[in-house]
Structures are given as structure tokens and as C-alpha cells.
2 protein chains.
Amino acid sequence: MQTPKTLEPFFSPKTVAVIGVSNKKGKVGYTIFENLKKAKIKKLFAINPKHKIVQGKKSYPSIQSIPQKTELGVIVLPSVLVPKTLEECMKAGMKAVIIISAGFSETGEKKLTKEIAELIRKNPQTRVIGPNCVGITNNMNNVDTTFFEKSRMKQPKKGNLSFISQSGALGAMILDWVATQEFGINKFASYGNAMDVDEADLLEYFGEDKGTKVITAYLEGARDGKKFFKTAKKVSKKKPIIILKGGKHEETTKAAASHTGSLAGSSKVYEAVFKQAGIIEANDLLDLFNIARILEKEPLPKGNRVQIITNGGGFGIVTADQIIQNKLELAKLSKKTIKQLKKEIPNANIGNPLDLLGDATISDYKKAITSVTKDPNVDILIILILFNLPTIRLEHIKELNRAKLKVSKPAVVCSIGSGFTKKYLRKVENAGFTTIPYPTLAAQALKELAQYSKFLKKN
Amino acid sequence: MQTPKTLEPFFSPKTVAVIGVSNKKGKVGYTIFENLKKAKIKKLFAINPKHKIVQGKKSYPSIQSIPQKTELGVIVLPSVLVPKTLEECMKAGMKAVIIISAGFSETGEKKLTKEIAELIRKNPQTRVIGPNCVGITNNMNNVDTTFFEKSRMKQPKKGNLSFISQSGALGAMILDWVATQEFGINKFASYGNAMDVDEADLLEYFGEDKGTKVITAYLEGARDGKKFFKTAKKVSKKKPIIILKGGKHEETTKAAASHTGSLAGSSKVYEAVFKQAGIIEANDLLDLFNIARILEKEPLPKGNRVQIITNGGGFGIVTADQIIQNKLELAKLSKKTIKQLKKEIPNANIGNPLDLLGDATISDYKKAITSVTKDPNVDILIILILFNLPTIRLEHIKELNRAKLKVSKPAVVCSIGSGFTKKYLRKVENAGFTTIPYPTLAAQALKELAQYSKFLKKN
């Protein structure tokens with residue numbers, strides 16, 4: 001394996017050439033070049049022999065005519081022109097090439113596919129992503145070869161999660177959804193037919209990448225099962241890997257095969273492989289990123305005993321039900337903690353949930369959190385706040401400063417509501433706590449956090 | 001049982017008196033009176049002997065001094081004054097009284113509780129909700145006795161779902177969340193200590209209520225198990241009842257007992273009762289309303305065979321996985337349908353998912369939906385649309401007119417994304433389809449729809 005260093009030119013190239021640029025709005029060759037103009041790189045070259053100027057920039061007639069050596073080439077040409085162009089890129093000494101063009105093995109095509117395979121085999125110094133892919137996005141320097149119109153998508157915030165998607169369209173849809181969330185994305189990659197760079201190479205790269213704290217992926221099947229397992233096992237000891245597996249059942253495995261041509265493999269086999277490799281399996285799209293953001297922000301718990309703190313009895317009870325359904329445990333507070341809580345918050349209903357009642361103030365929450373976080377019987381805190389109640393004041397939320405309260409155990413704040421509640425939740429997030437509106441999703445994610453912690457202890 | 005007619009004055013009173021109004025902003029007696037000023041009723045009376053004017057309106061010194069007979073009384077007084085006031089309401093011939101005040105059995109209080117019980121027993125012509133409750137909201141005429149500050153909550157849209165919540169605070173939080181959703185609320189009731197009106201009475205009332213199409217509830221336990229079962233069994237044959245049960249496990253049952261004083265009962269017993277009574281059990285808060293809105297808008301399916309239509313392969317596969325996980329079946333299209341699809345949409349990948357591919361247009365969706373809905377092998381349609389793809393145009397969405405396409409089977413549209421996608425989803429909703437962004441939630445809700453359909457056939 002040559003990665004991870006050899007993949008760096010895909011994500012942080014100094015120079016990029018787009019081969020097959022277009023002046024016609026709506027064309028893939030137009031959108032890619034337009035998007036790349038925003039990238040923080042030294043030089044961007046347009047190549048199209050039909051034009052002298054493309055989108056206001058000089059257009060070169062060929063790869064050979066570019067005045068300097070280029071690191072990354074992006075090919076957006078009809079499939080018949082791809083092998084010859086790829087060869088020219090390789091001859092010109094490019095370190096990385098992304099082939100966006102489709103019309104190869106995914107349609108049953110054989111001749112061109114074979115020619116590309118041969119070129120890749122003979123020129124290992126050039127790494128290739130694709131063909132039939134949307135390419136990569138580095139959210140930190142705006143290097144972006146995905147060809148979705150920006151008017152139809154929002155860009156996610158900058159963050160520490162990186163995302164690999166076997167399906168380009170699904171990946172784009174998810175990035176657009178992530179843009180509406182509190183967390184951010186570092187890098188994204190979709191690798192299409194995986195003729196050279198595959199999911200294992202990307203895992204390895206993100207495993208070494210400093211910007212990536214947590215690796216998420218949508219995967220229908222691995223190109224090389226053994227390589228994937230070996231890489232995942234190594235990487236998961238350094239960083240959490242969370243995967244949503246598409247095609248989990250006999251019927252859907254077939255659909256996956258006709259979608260990306262990959263052998264999805266039986267659900268049982270994958271589950272066993274994932275478990276052994278320390279991969280966290282997400283149940284669906286929502287789950288995937290909720291687990292990821294908890295793993296990004298929260299420390300690992302020592303065990304699975306959860307204490308709930310609430311100002312709403314019913315809200316506490318439905319959350320406790322979710323804790324048990326997700327095979328976590330309800331913590332039992334120590335005698336010392338109970339004594340202290342009785343003294344400091346005499347009206348509270350002490351138990352699990354610890355119910356501070358409807359007239360609780362942020363000051364009561366501070367006292368409760370401070371006591372509970374010190375309790376050796378508690379591994380994880382879920383803090384529920386009904387912000388609609390009048391004693392909870394916006395100006396007090398900043399007092400829930402996590403660092404000052406010395407909360408070094410995983411602690412998640414949940415609340416459901418409209419804009420008013422969302423405003424308060426943002427303040428809580430600023431105070432250092434991870435917020436996940438729905439307790440169900442928090443419980444599911446915390447279960448995985450506890451299991452990953454257990455895996456790391458054993459391995 | 002005297003319901004449902006006797007509960008009408010709670011929700012549609014001609015005249016209302018608030019006993020214990022206040023001029024001090026933030027007080028419960030202030031907020032309730034302020035909220036009720038917006039109600040569409042003939043006359044609203046303020047009662048407080050300490051003031052002559054309250055919030056710009058004449059204040060009466062006593063119930064006796066009101067110049068006309070009043071239908072609904074709302075008591076917001078310290079607990080010691082409640083029995084005497086309730087007696088005066090009954091003597092004045094009120095048909096309904098809501099006691100907002102707390103400080104009775106829920107705190108272990110006995111004397112006042114007994115006095116109230118005695119008055120209820122002797123005066124069956126006056127129905128009582130409470131004490132220790134937030135009361136009711138009729139979203140259609142703005143009769144609203146809940147005392148949450150409107151600056152902290154949004155009002156849900158008008159709709160056909162009614163909601164019963166044993167927990168007032170949880171109920172308010174959910175109503176606030178519903179305000180951010182596409183669906184609306186008809187009526188809401190929280191009944192506190194249930195000394196007279198209980199969950200069964202409310203079920204019966206909503207069962208007869210013309211504005212209510214689907215009944216939702218958060219319940220920790222029934223006051224009278226047999227009455228609840230008998231009522232639910234009768235009502236569920238007319239309208240769907242969906243309940244989120246709080247306190248489902250041994251540990252949380254205890255917490256529920258100390259919250260509303262109700263015997264939550266073992267999870268096993270409740271599950272059996274729910275099933276026999278045709279009650280749909282929701283797994284969590286999100287689930288509760290997603291099931292409800294599908295049951296409100298969609299026809300009942302004949303079976304559980306689901307056909308997926310998509311323009312994204314990966315999105316189709318993750319949805320198919322959810323269909324199987326929720327014990328629904330993937331439909332197998334008839335030969336006739338396959339032949340027609342091959343002719344009309346030759347590029348499509350025909351199967352389940354039926355993948356119209358990334359360059360599909362709304363016209364392709366129309367063809368696919370029209371063929372699939374006629375297929376006798378299909379009971380339910382899930383339509384996935386990646387709106388980010390450039391061939392899907394906003395101006396075409398109205399062509400997905402459900403009535404014109406003659407889709408008389410349950411059909412749900414899913415898509416995930418930011419504001420752009422949400423705008424398109426709203427157009428789809430206007431065209432007559434139910435939209436539920438996450439396929440996971442759609443699959444969970446459709447499972448319950450299929451099961452309810454089966455229950456109705458058997459009963």
C-alpha cells in the first residue's frame with residue numbers, strides 16, 4: 001500500500017488542471033471549473049482545444065501545453081477520450097487524476113476499462129480516483145471536484161468529520177443535509193468504480209489526516225475484502241470509523257450489485273467483519289452522523305451507566321426507556337451524591353431521572369451537574385432541559401460552561417422544540433456540550449460510544 | 001360513562017370564567033387570561049376580588065356576581081381555596097371546570113383531595129379536569145388554558161390530529177415541536193391527577209369529535225385499566241389511536257409512579273393490552289407523530305408489499321434495507337408493469353428499487369408512479385427524489401398531482417437536504433403526497449399503517 005501520502009495531492013494540490021472545461025452553464029465541465037476557481041491553490045488550468053478563453057480564463061489546447069507541472073488532473077471528457085487523456089496526464093508527471101466521466105464497467109463496457117486498468121498498472125506513481133465518480137471535496141481549502149450546482153446545495157460548516165461515500169448522489173444529498181446541522185465536515189470523497197483508489201485507501205488516508213477526527217462512510221461493498229478489513233482494524237484503533245452499510249439483506253444485496261457493481265456480501269459476514277475490525281455500524285443516515293458527532297466531541301466513557309438530569313418528569317421517563325432499550329444502564333447515584341443533592345436542591349426528586357422539577361433554574365442544573373459528574377457510579381450524563389419553562393433564562397445558559405463545571409465525562413444535552421428552543425440549544429453548544437435534540441438518537445449514539453470505548457480497551 | 005357529549009364544554013364553551021386572574025405578568029393567572037382573550041367565545045369573565053380591572057377588563061369579585069350562566073370555569077388559585085371554589089362553580093351550574101392548581105395527591109396531600117373527590121361524586125353534572133394540569137387547547141377556536149408563555153412557544157398549524165398527554169410539560173414541548181412540522185393539531189388535553197375526566201373519557205370524546213381524524217397520546221398509565229381497554233377497543237375501530245407509553249421497563253415504571261402517581265404497569269401487560277385493543281404503540285416521540293400523519297393522510301393498504309421509486313441508487317438501497325428491517329415486503333412488479341416501464345422509461349433500472357437514474361425528470365416519475373400504482377402486486381409506494389439533481393425542476397413538481405395520477409394506494413415521498421430540498425418537498429406536499437424526510441421514519445410508520453389495516457379487517 002502506497003497511501004496515505006500519495007493521496008495528499010487529491011485533497012491539497014498546489015496546481016490543478018481540468019481537462020474538458022466548458023463555457024456552457026449546466027455542463028459538468030462548466031460547474032467543476034467554476035467551483036474550483038474558489039479553491040485555495042496556487043494555479044488552476046483550463047484545458048479545451050476548442051476555446052481560447054473559458055469562464056474568463058485562458059484555455060490551453062492540451063496537457064502538454066500547460067507551462068508548468070501540475071499535481072492534480074480532473075478529466076471531464078466523453079469515455080472514448082479518457083484512456084488517451086489519462087496517459088497524457090501520467091506522462092506529464094501528475095501525481096493524482098480524478099476521472100469524473102462515466103460509461104465504463106458500471107455499464108458493462110470492457111475495452112476502455114481494460115485500457116485504463118493497464119495504464120494504472122504501469123504507472124503506479126500516478127494515483128487515480130474513479131471513473132464514474134463525483135470526486136472529492138476538501139471543505140478546508142475549497143478544492144471541490146463534485147459537480148452539483150451550488151444553487152441546489154448548501155455547503156456544510158467546516159469541521160472534523162470526514163465522509164466516504166460509495167454513492168456520489170447519496171453523498172451529495174447527505175452533505176447538503178449536514179449543512180443544516182450544528183456539526184461540520186472536513187473532507188469528502190466518492191470513488192466510483194474504484195479502479196485504483198478504493199475505500200481502504202481512503203480509510204488509511206483519513207486515518208493519518210490531521211484534519212479528520214472521525215471517519216464516516218456509506219458503503220455497499222468492499223473492492224478487496226481482506227485489504228479493507230486489515231486497514232479498518234489498524235485505523236479504528238486510532239480514530240473511530242462509523243459505517244452505514246447499504247444492501248444489508250439478501251434482496252437489497254442484489255440491488256447494490258446492480259448499482260455500484262460491488263459484491264455487497266451477506267449482512268452476517270459484514271456484521272462480523274465490522275465488529276472484529278472495531279467499525280461502528282450505523283443503522284441509518286441520521287444515526288451515522290449522530291454517532292459521529294458524539295464521538296468527535298465527547299470523551300470516551302469508562303462504562304455504560306447513564307444518569308439523566310431533567311426539569312420535566314415525562315421527558316425524563318421516555319429518555320430512561322430509551323437508555324434501557326439501547327442496553328445502557330441507568331446509574332445509581334452514590335450515597336454521598338444523594339446527600340449533597342438533598343442539601344443543595346432540596347425540592348428535587350432524586351433518582352434516575354434526577355428530576356429538578358418545572359421551576360428549576362440554570363443554577364439548579366449547575367449544582368446537579370457538578371455533583372453528578374463527580375459520582376464514581378456515573379459514566380455518562382444526559383441532560384434534558386425544557387426551555388419553554390419560564391425559570392430557564394437565556395442569559396443564564398452561559399453559566400453552564402462545561403470547562404468550569406469540570407465535566408470530563410460524556411455529557412449530551414437534549415431538548416425538542418421550535419426556534420426558541422433551538423436558540424437556547426445553540427447557546428448550550430457554545431458552552432461546550434454536545435446537543436442532540438431527540439433523546440432516542442442520543443441514546444443510540446451513546447451506546448456506540450460505550451461500545452467503542454470497550455473495543456479500544458480490549459485491542 | 002357520560003362522555004363524549006359532556007366534554008364538549010371544555011373544548012367549545014360559549015362562556016368562560018377564569019377564577020384567580022392576575023395583573024402581574026409571568027403569573028399563571030395572568031398568562032391564562034391573556035391567552036383566553038384570543039379565544040372565539042361569546043364572553044370571557046375575570047374573577048378576582050382584589051381588582052376592579054384586570055388586563056383592561058372588568059374583574060368580578062366572585063362567581064356569584066357574574067351576570068350570566070357560565071359553561072367553563074378555570075381555577076387558578078392556591079390549593080386551600082380550590083374545594084370551596086369548585087363547589088361555587090358547581091352551584092352556579094357550570095358544565096365544566098378545569099383545576100390548574102397543584103398541591104394535591106401528587107404531593108401526598110389528603111384532606112383537600114378528599115373534599116374535591118366528594119364534590120365530584122355529588123355533582124356529576126359538572127365535569128372536572130385536573131387538578132395539577134395544564135388543561136386543554138382547542139387549536140380551531142383558540143380556547144387555550146395552558147399557561148406557557150407564547151413568547152417561548154410557537155402555535156402548531158390547524159390540523160386533524162388530537163393529542164392527549166398525561167404529562168403537561170412534555171405535551172407543551174411536543175406542541176412546540178409540532179409547530180415546526182408540516183402537519184397540524186386539532187385539540188390537545190392534559191388531565192393531571194385525573195380525579196374525574198381521565199384518558200379513557202378523552203379517548204371516547206376524541207373518538208366522536210368530528211375535527212379529530214387520528215388520536216395520539218403520551219401515557220404513563222391508565223387510571224382505570226378495564227375502562228381504558230374497553231374504550232380504546234371501541235374507538236380504535238373508528239379512528240386510529242397511537243400511544244407512546246412512558247415507563248416501559250421495570251426501572252422506569254418506578255419513575256413514572258413518582259411522576260404522575262400512576263401505576264405504569266409492566267411493559268408486557270401493556271403491550272398485550274395495546275395489541276388487543278388495536279392501539280398502535282409508538283417507539284418514541286418522533287415515531288408517534290410520523291405514524292399519526294401517515295394515518296391521517298394516507299388510505300389503508302391492502303397488504304405490506306412496498307415498491308420504491310428513486311433517482312438515486314444508494315438512497316433506494318438504504319430505504320429497501322429499512323423496508324425489510326421493519327418487516328414489510330419488497331414488492332415484485334408484474335410482467336405487465338415491467339413491459340410498460342421498459343417501453344416508457346427505457347433507461348431505468350427496473351426492479352425494487354425502481355431506479356430512474358440521476359438524469360430522471362418529473363415526467364419519468366409521473367410515468368413510473370402511474371404504472372406502479374396500477375400494479376396489483378404493489379400495496380404501498382415510497383417515492384425517493386434527490387432534488388439536488390439538475391433535471392428535477394421546481395416548475396414541474398405540480399405535475400405530480402396525486403389526484404390526476406390516480407394514486408389511491410398509500411404513497412410517501414422522502415428526501416433529505418437543506419432549504420432547497422425543503423422547498424421542493426413543500427410543493428410535493430401541496431401536490432397531495434405525504435412527505436417524511438427520513439426513509440427510516442417512513443418505513444416505521446408504514447409498518448404500523450399496514451398492521452392497523454390488518455387489525456381493522458379482523459375486527
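Which helix of chain B do the buried residues of α4(B) pack against? They pack against α3 (82–91) of chain B, as the first view shows. This is a predicted model, in which local features need pLDDT of at least 70 and side-chain atom pairs count only at pLDDT 80 or more, while totals for chains, interfaces and linings use all residues. Residues are numbered from 1 along each chain as its sequence is written, and chains are lettered from A in the order in which they are written.

**View 1. The two sides of helix α4 (residues 111–122) of chain B.** Helices are DSSP runs of H or I with at least four residues, numbered from the N terminus. B:Thr113, B:Ile116 and B:Leu119 are buried, meaning that 20 or more other C-beta atoms, placed from the backbone, lie within 10 Å of their own. Because these residues cover an arc of only 125° around the axis, they lie on the same side of α4(B). The face turned away from this buried side carries B:Lys111, B:Glu118, B:Arg121 and B:Lys122, which are exposed, a word used for 12 or fewer such neighbours.

**View 2. Helices α3 (residues 82–91) and α4 (residues 111–122) of chain A.** These helices pack at an angle of about 10°, with their axes 9 Å apart, which makes α3(A) roughly parallel to α4(A), a term for angles under 35 degrees. The contact (C-beta atoms within 7 Å) involves residues including A:Leu86 and A:Met90 of α3(A) and A:Ile116 and A:Leu119 of α4(A).

**View 3. The contact between chain B and chain A.** The contact takes 59 residues from chain B and 59 residues from chain A. On the side of chain B that touches chain A, α11(B) gives the most, with ten residues.

Notes: The expected span of a helix is 1.5 Å times one less than its number of residues. The arc is that of the directions from the helix axis to the C-beta atoms. Two residues are in contact if their C-beta atoms, placed from the backbone, lie within 7 Å. Axes are lines fitted to C-alpha atoms, for helices over the stretch in contact, and angles run from 0 to 180 degrees between N-to-C directions. Angles under 35 degrees count as roughly parallel, over 145 as roughly antiparallel, 65 to 115 as roughly perpendicular and the rest as oblique.
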